[in-house]
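Here are a few notes to go with your first look at this one. Keep the viewer open while you read, and hop between the points as you like.

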Amino acid sequence: MKKMWGTIEFLKKNLAWSILSFMIMGILAGALFNVKGLKVFIMPLTFLMVYPMMVTLKINELFEKGGEKANVLALIINFLIIPFIALGIGKIFFRDSPLLIVGLLLAALLPTSGMTISWTGFANGNMHTAIKMTVIGLIVGSIATPIYIKLLVGQTMNIPLISVTKQIILIVFLPMLFGYITQKLLIKKFGEKKFNKDIKQKFPVLSTIGVLGIVFVAMALKSKTIISNPSILIKGLIPIFILYVINYTISTFIGKMFLDRDNAIALIYGTVMRNLSIALAIAMSVFGKNGSEIALIIALSYVVQVKSAVWYIKVVNIIFSEEKTLKRA
């Protein structure tokens with residue numbers, strides 16, 4: 001058991017390479033075997049992917065003061081700028097593939113994840129602002145996503161608005177409720193100190209199993225298309241890379257203009273790190289047989305997102321010089 005847990009933690013720490021490996025294994029499995037039966041694992045894996053991260057979500061942070069300016073700026077970037085940039089990039093690169101545009105939009109419409117908090121911490125940013133941003137981004141993104149998708153791509157393909165809304169309730173708000181109850185029960189039983197020190201860290205590891213499982217299933221179901229047209233992978237990576245570069249540039253510029261260093265770092269990781277787990281869950285649970293094509297873009301986004309976070313942290317202290325920090329927030 002300890003060895004298995006160690007293996008999963010290793011996969012989580014090397015998530016970009018883990019995602020790539022499970023993508024390749026899924027493609028091979030789909031080429032060699034009949035994988036239609038894997039569809040039954042979509043919902044269990046979705047729950048396993050989303051519920052654990054909800055257990056660690058600090059909803060109470062919403063009601064604490066601090067980071068208001070950074071959160072307003074994050075909402076503007078996340079819902080008034082990036083979705084429309086993603087749509088424009090999608091229309092340029094995926095003109096004849098509306099499902100790939102939906103995949104790029106899903107990746108752009110669901111901001112913040114546990115990675116927002118983690119990378120803000122690694123860069124010595126404002127953790128309180130990052131946590132608050134994560135909760136707000138998750139709630140607003142989940143409510144806005146069905147409406148945005150319907151308005152932005154509803155003219156080119158049929159978007160089941162009611163179905164998307166129902167699935168978001170099932171895969172976001174229901175796990176959020178269960179996660180909150182679980183968190184309270186664990187704190188009551190073990191105490192807040194033990195929960196934060198020993199227990200909380202286990203849940204994101206469980207979420208990794210769900211992520212890798214969903215990626216494997218999505219690639220297995222899409223295997224024959226990918227093998228017959230492998231260029232689709234490069235075709236997908238280029239616009240994703242461009243979107244992330246633009247996102248980092250905009251967020252860094254706004255952070256430097258309006259915020260102090262610590263809040264600016266929270267803003268950057270709160271607007272660039274997308275909740276790809278929930279995007280993946282929506283793709284696979286809402287869009288049926290088309291879900292695996294949408295999931296392809298989201299799975300590739302994982303690779304770019306993790307790698308870009310590593311690259312950015314190496315230059316963050318150059319961009320935000322401590323000596324020139326002006327406390328504005």
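The points below go through the pockets, a cavity and one backbone oddity.

1. One thing to keep in mind first: this is a predicted model. Everything below is computed from it, so to speak, in the spirit of a guided tour.

2. Start with the largest pocket, which has a volume of about 1,200 Å³. Its lining is made up of 39 residues. To find the middle, pick out K12, G114, M115, S118 and P204, which lie nearest the centre of this pocket.

3. Which helices each supply at least two residues to that lining? They are α1 (2-13), α2 (15-32), α6 (114-122), α7 (127-153), α10 (202-221), α14 (276-286) and α15 (291-319). Colouring these helices in your viewer gives you a frame for the largest pocket.

4. As for the chemistry of the largest pocket, its lining splits into 19 nonpolar, 12 polar and eight charged residues.

5. Next comes the second largest pocket, with about 390 Å³ of space. It is lined by 20 residues, and K36, K39, L221, K222 and S292 are the ones closest to its centre. By class, the lining has seven nonpolar, seven polar and six charged residues.

6. Where does the lining of the second largest pocket come from? At least two residues each are supplied by α10, α11 (223-228) and α15. The largest share, three residues, belongs to α15. You have met α10 and α15 already, as both also supply at least two residues to the lining of the largest pocket.

7. How many cavities of 30 Å³ or more turn up in a search of the whole structure? The search finds one, and about 60 Å³ of space lies in it. Around this cavity you will see I82, L104, A107, A108, L243, Y244, N247, R274 and S301. Two helices to look for here are α5 (98-109) and α12 (231-258), each giving at least two residues to the lining. In terms of class, six of the lining residues are nonpolar, two are polar and one is charged.

8. Last, have a look at N124, in the loop between α6 and α7. Most residues other than glycine have a negative phi. N124 is not a glycine, yet its phi is positive, at about 60°. Is this residue buried or exposed? N124 is exposed, with a relative accessible area of 55%. The two helices on either side of its loop, α6 and α7, are among those that help line the largest pocket.

Notes
Residues are numbered from 1 along each chain as its sequence is written. This is a predicted model: local features need pLDDT of at least 70, side-chain atom pairs count only at pLDDT 80 or more; totals for chains, interfaces and linings use all residues. Side-chain values use heavy atoms; hydrogens and water are left out. On a 1 Å grid over the protein atoms alone, a cavity is a set of points where a 1.4 Å probe fits but cannot get out, and a pocket is an open set with protein on both sides within 12 Å along at least five of seven lines; lining residues have an atom within 4 Å of a point. Grid points are joined across faces, edges and corners, and a volume is the space filled by probe spheres set on the points. Helices (H or I, at least four residues) and strands (E, at least two) are DSSP runs, numbered from the N terminus. Ala, Val, Leu, Ile, Met, Phe, Trp, Tyr, Cys and Pro count as nonpolar, Asp, Glu, Lys and Arg as charged, and the others, Gly among them, as polar. Buried means under 20% relative accessible area, exposed over 50%, partly exposed in between (1.4 Å probe, protein chains only).
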